[in-house]
Amino acid sequence: MLRSTISPLLRIGLGLIGIWPGASYGTLCWLFYMTTLVVIQYLQYSYVYAHLDFNNLTKLMDGLGLTLDYTLTIFKLISLWFNRRIFADILIAMDDDWKECGTEFHECIMVDKANLAYRCSNVLISVNAIATFLYFIESYASERKLSKNGQLRKFPIQAQFPFDVQETPIYEFVDVGLFFHVLETATVIAMLNALILTLVLHVSGQIDIMCQELKEIRSTSKSNSISTSSLVARHQKIISLSKNIENYFSFVALLQFVWNTFVICAIGFMVVISLSMNITSKSGILIQFIIPFCAVTMEAFVFCFAGEYLRTKSKAVGDAAYEAVWYDLPTSECRILLFVILRSQKQLTITAGKVMDLTLEDFTSVMKASASYISVLNAMY
């Protein structure tokens, strides 16, 4: 029987990068991984600086998209690291919810949400891993063509190395190292997306349990008084847990909302440019840039979908309280239900830096803004 909403794969992955509270050598793992990210970022921005020529936007945008995506990952990990105490409080609250499953029906709801969270985590991680494999396979195939033609070989990640990497043993070693690092980074991005979905699914399970308890209210005096009091306590726990989730991901969501506009713009520009190339090289370059474009777009969609889903589920509490048999209850208990309805009018949500709520409408705004920037860059090109 499942006893946690967070999948073992997600727990192990978060422990390996030092985000999971109480993980062995968590600080050391986090510092090591962040050091590798900073080194790769230095090499990437060296390449961007070396090709900083607005008269040749193709060279500039070729390495800018993945460079900005790496920067976004660094900022997200730093934010989550400094808020790890909030994450510990969230995990404690989730464990308490599992321990307080009073009936078999409540446990079935929690298990269903946990199974759904497990599937979402596995799918997100698998999709990012497969996308990384396809991206490197296509890049490897194109590099073989370049080597046969006597041209300089390039890496899948545009980076400026301070030493000669064109020699045969060195090139292969660096290429393999970059592959594993990009695979790890893509997995980390998928884990962070899976984490916010998992936490929101857990809150939605608690909301479903509360709605079911509201439907089971009867007009017997003592038992009713106890049940309404427990409903208020459960509602307060749901509100506190959702606030902690919102505080934990608020700054990350702001970075995701603003930064992804530029990342999607840079990668989307390369997709548009590749459409105008000749037939022999168009398909390979399209695959090479469409895969990162889809991954970055899905990353923004997951955050906005989580906020939209939480908002929608929070409305169900007020509806269930109104549909309860409140007209058969004593006046004192009706007042308690009235406060529950009033409190549920303030919807639970995930905000972007406490500025705006994350919804699917905001996701369309990001895509529209990115498309506008792509059209401007295409006109300049």
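1. Glu 100 counts as partly exposed, at 41% relative accessibility. In this predicted model, Glu 100 pairs with Lys 237 in a salt bridge whose closest N and O atoms are 2.9 Å apart. Lys 237 belongs to helix α7 (residues 221-275) and Glu 100 to the loop between α4 (84-99) and α5, so the bridge ties together parts that are 137 residues apart in sequence. Lys 237 is also partly exposed, with a relative accessible area of 42%.

2. A second bridge joins Lys 313 to Asp 208, with 2.6 Å between the closest N and O atoms. Here the partners come from helix α8 (Lys 313) and helix α6 (Asp 208), so parts that are 105 residues apart in sequence are tied together. Lys 313 counts as buried at 17% relative accessibility, while Asp 208 counts as partly exposed at 21%. The two values lie on either side of the cut-off, because buried means under 20% relative accessible area. Lys 113 joins Asp 208 and Lys 313 in a network of salt bridges.

3. Where does the salt bridge between Lys 76 and Glu 299 tie the chain together? The side chains meet at 2.6 Å, N to O. Lys 76 lies in helix α3 and Glu 299 in helix α8, so the bridge links parts that are 223 residues apart in sequence. Lys 76 is buried, at 1% relative accessibility, and Glu 299 is buried as well, at 2%. Over the whole structure, a search finds 7 salt bridges. As general background, side chains of opposite charge can pair when their charged atoms come close.

4. The overall make-up of the chain is as follows. There are 10 helices and 2 strands. Read from the N terminus, the elements run α-α-α-α-α-α-α-α-α-β-β-α. The chain has 381 residues, and 50% of them count as buried. Of the contacts with a separation of 6 or more, 80% are between residues 24 or more positions apart. The exposed area is about 18600 Å², with carbon and sulfur atoms supplying 65% of it.

5. Thr 67 is a residue of helix α3 (residues 57-82). Thr 67 is buried, with a relative accessible area of 0%. Leaving out residues up to four places away in sequence, Thr 67 touches Gln 41, Gln 44, Tyr 45 and Val 48. Leu 43 is 24 residues away from Thr 67 along the chain, and the C-alpha atoms of the two are separated by 9.5 Å.

6. Helix α5 (residues 104-148) holds Asn 128, and Phe 133 is in helix α5 too. Is Asn 128 buried or exposed? Asn 128 is buried, with a relative accessible area of 8%. Apart from neighbours within four places in sequence, Asn 128 is in contact with Ala 186, Ile 189, Ala 190 and Met 298. Phe 133, by contrast, counts as partly exposed at 41% relative accessibility. Phe 133 forms a nonpolar surface patch with Ile 130, Leu 134 and Ile 137, and together these residues have about 390 Å² of accessible area.

7. The model has 4 cavities of 30 Å³ or more. How much space lies in the largest cavity? The figure is about 340 Å³. The lining of the largest cavity consists of 22 residues, and Leu 66, Asp 69, Thr 132, Ala 186 and Ala 295 lie nearest its centre. The elements that give two or more residues to this lining are α3, α5, α6 (168-215) and α8 (279-323). Ala 186 therefore appears twice in this note, as a contact of Asn 128 and as a lining residue of the largest cavity.

8. Some backbone angles deserve a look. Most residues other than glycine have a negative phi. Tyr 25 has a positive phi, near 55°. Tyr 25 lies in the loop between α1 (8-16) and α2 (26-50) and is exposed, with a relative accessible area of 66%. Lys 354 also has a positive phi, near 60°. The place of Lys 354 is the loop between β1 (351-352) and β2 (356-357), and Lys 354 is exposed at 54%. Gly 18, just after α1, takes a positive phi of about 80°. Within α1 itself, Leu 10, Gly 13, Leu 14 and Gly 15 are buried.

Notes
Residues numbered from 1 in each chain as written. Predicted model: local features only at pLDDT ≥ 70, side-chain atom pairs only at ≥ 80, totals over all residues. Heavy atoms only, no water. Helix = DSSP H or I, 4+ residues; strand = E, 2+ residues; numbered from the N terminus. Buried < 20%, exposed > 50% of the residue type's maximum accessible area, 1.4 Å probe, protein only. Contact = heavy atoms within 4.5 Å. Patch = residues over 30% accessible without salt bridge, like charges linked within 9 Å, V, L, I, M, F, W, Y side chains within 5 Å. Areas by Shrake-Rupley, 256 points an atom, 1.4 Å probe, with all protein chains shown as cover. Salt bridge = Lys/Arg side-chain N within 4 Å of Asp/Glu carboxyl O. 1 Å grid on protein atoms, 1.4 Å probe; cavity = no way out; pocket = protein on both sides within 12 Å on 5 of 7 lines; lining within 4 Å. Points joined across faces, edges and corners; volume = space filled by probe spheres on them.
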